[in-house]
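Colleague: I am new to this structure and would love a close look at one part of it. Could you take me to the strands, and then to what lies around them?

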Amino acid sequence: MEKSDKIFVAGHRGLVGSAIVRRLEGEGFTNLLKRDRAELDLTQERPVAEFFAMERPDVVVLAAAKVGGIKANNDFPVEFLLDNLQVQNNVITSAHATGVRKLLFLGSSCIYPKHAPQPIPEEALLTGPLEPTNDAYAIAKIAGIKLCQAYASEYGETYISAMPTNLYGPNDNFDLLSSHVLPALLRKAHEAKISGASELMVWGSGDPRREFLHVDDMADACVFLLKNYDSPEIVNVGCGEDISIRQLAELICDVIGFEGELTFDATKPDGTPRKLLDVRKLNGLGWRPKIALREGIASTYQWFLEHELEAAAPAR
Ligand code: GDP
């Protein structure tokens, strides 16, 4: 990639997109294209096609998606399926129509079967049934991977796909009903500490295991792949270690300084029992994460404190 390349980061206000913009700008890429939802609705075919025809980006990072935690995915499968299909279809077809040189599609670790071997290798894709609480989102993401691969095989396009594990960091969604577990517990621990509460409620049994990667590491991996990887075969992005939700809650309480008890709400779903990615492929290419979980939680908490009011607002 050249520093002068015109790079369209779709979803530049989100958790991943904003981290990729920070990373690219920090490295001296000066020609970034950004459009917020009011300027360009990516679910609409014609405006997206017109935008691409007018701007003709060299490179596209497709980080725009409807995302959410276990409850939002479970409650709104139509939106998670349809919005994501529309956004990715519009962006990918327009990229092809206007000669985009390289496109990075961002998937998710939830594309893999519920009972995939752990850690989950890339080859586990489509080898078994999905976890029902997020299968709509997963099906959309799998369709995006297949569309990128189809453009690669049929038209020779360089459309690559990265599958991140659970991400966290600045610009995350801290709304308790739609967020993922890490920002939810961070906010709950903060509010419990401030109010002097004696308990903090954790959803489910606390037994499921999840892997967490700071979004700045994810952005670093994305830029690494844009520079060093051209294959249509998907690549997992993770840190290679997981912890239980109970351990995560304890770590967050420790970092934040909440000393009350944890309680567990068995009426909430556990979701998939374990979701640890096999990251040997990415490691083999020469990439490693840099931000340890405790350190990442501490810096995300600082960010939350500085942006508390906007961060705690319901998801956009
Ligand atoms: P998932 O990784 O797709 O299952 O999505 P989440 O990040 O939303 O949830 C991960 C796990 O954390 C699930 O087992 C949840 O039940 C559990 N969990 C515990 N407390 C919370 C919470 O306050 N919010 C969310 N979203 N999940 C929680």
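Modeller: Happily; we will start with one strand and its surroundings, then visit other strands, a helix pair and a few loop residues.

Please keep in mind that this is a predicted model. Our starting point is strand β1, which spans residues 7-10. What covers its two faces? Ile7 and Val9 lie on one side of β1, Phe8 and Ala10 lie on the other, and all of these residues are buried. Strand β1 also has a partner: 2 bridges join β1 to strand β2, residues 32-33, and the two run parallel. If you would like to find that pairing on screen, look for Phe8, whose bridge partner in β2 is Leu33. As general background, strands of a sheet pair through backbone hydrogen bonds, in either a parallel or an antiparallel way.

Stay with Phe8 for a moment, since its ring leads us onward. Ring pairs link Phe8 with Phe51 and Phe52 into a cluster. The count of aromatic pairs in the model comes to 8. One of these pairs is Phe51 with Phe52: the ring centres are 5.6 Å apart and the planes stand at 90 degrees, so the pair is edge-to-face, as the angle is over 60 degrees. Are these two rings buried or exposed? Phe51 has a relative accessible area of 8%, which is under 20%, so Phe51 counts as buried. Phe52 is buried too, with a relative accessible area of 0%. So one residue of β1, Phe8, is buried on a face of that strand, pairs with Leu33 of β2, and belongs to the ring cluster with Phe51 and Phe52.

Other rings have a charge for company. The charged end of Lys3 sits over the ring of Phe29, 5.5 Å from the ring centre. In another case, Lys66 places its charged end over the ring of Phe80, 5.2 Å from the centre of that ring.

Now compare β1 with strand β7, residues 199-203. In a regular strand, the side chains alternate between the two faces of the sheet. Which side chains of β7 point to the buried face? Leu200 and Val202 do, and both are buried, while Glu199, Met201 and Trp203 point to the other face and are not buried. In β1, by contrast, both faces are covered. The partner of β7 is strand β12, residues 261-265, and the two pair in the parallel sense over 5 bridges. Trp203 takes part here: its bridge partner in β12 is Asp265.

There is also an open sheet of 3 strands to visit. Its order is β11-β8-β13, with mixed pairing. The edge strands are β11 (243-244) and β13 (274-275), each of which pairs on one side only. Strand β8, residues 209-210, pairs with β13 in the parallel sense over 2 bridges. One residue to look for is Arg209, whose bridge partner in β13 is Arg274.

Strand β5, residues 159-164, holds Ser161. At 2% relative accessibility, Ser161 counts as buried. The C-alpha atoms of Ser161 and Pro269 are 29 Å apart in space, and these residues are 108 apart in sequence.

Helices deserve a look as well. The axes of helix α6 (residues 181-195) and helix α8 (residues 245-256) come within 9 Å and cross at roughly 45 degrees. That makes α6 oblique to α8. The crossing of α6 past α8 is right-handed. Helix α5 contains Gln149, a buried residue with a relative accessible area of 18%. From Gln149 to Asn166, 17 residues away along the chain, the C-alpha separation is 24 Å.

Finally, let us turn to the loops. The one between β4 (102-106) and α5 (135-155) includes Pro119. A cis peptide bond joins Gln118 to Pro119, with omega at about -10 degrees. Leu126 lies in the loop between β4 and α5 as well. Although Leu126 is not a glycine, its phi is positive, at about 60 degrees. Is Leu126 buried or exposed? Its relative accessible area is 55%, so Leu126 is exposed. Asn171, in the loop between β6 (166-168) and α6, is another residue other than glycine with a positive phi, near 70 degrees. Asn171 is partly exposed, with a relative accessible area of 26%.

Key:
Residues are numbered from 1 along each chain as its sequence is written. This is a predicted model: local features need pLDDT of at least 70, side-chain atom pairs count only at pLDDT 80 or more; totals for chains, interfaces and linings use all residues. Side-chain values use heavy atoms; hydrogens and water are left out. Two strands pair if DSSP finds at least two bridges between them. Helices (H or I, at least four residues) and strands (E, at least two) are DSSP runs, numbered from the N terminus. Rings of Phe, Tyr and Trp (its six-membered ring) pair if their centres lie within 6.5 Å; planes under 30 degrees apart count as stacked, over 60 as edge-to-face and the rest as tilted. Buried means under 20% relative accessible area, exposed over 50%, partly exposed in between (1.4 Å probe, protein chains only). A charge sits over a ring if NZ of Lys or CZ of Arg is within 6 Å of the ring centre and within 35 degrees of the ring normal. Axes are lines fitted to C-alpha atoms, for helices over the stretch in contact, and angles run from 0 to 180 degrees between N-to-C directions. Angles under 35 degrees count as roughly parallel, over 145 as roughly antiparallel, 65 to 115 as roughly perpendicular and the rest as oblique. A crossing is left-handed if the near helix is turned anticlockwise from the far one by less than a right angle, and right-handed if clockwise.
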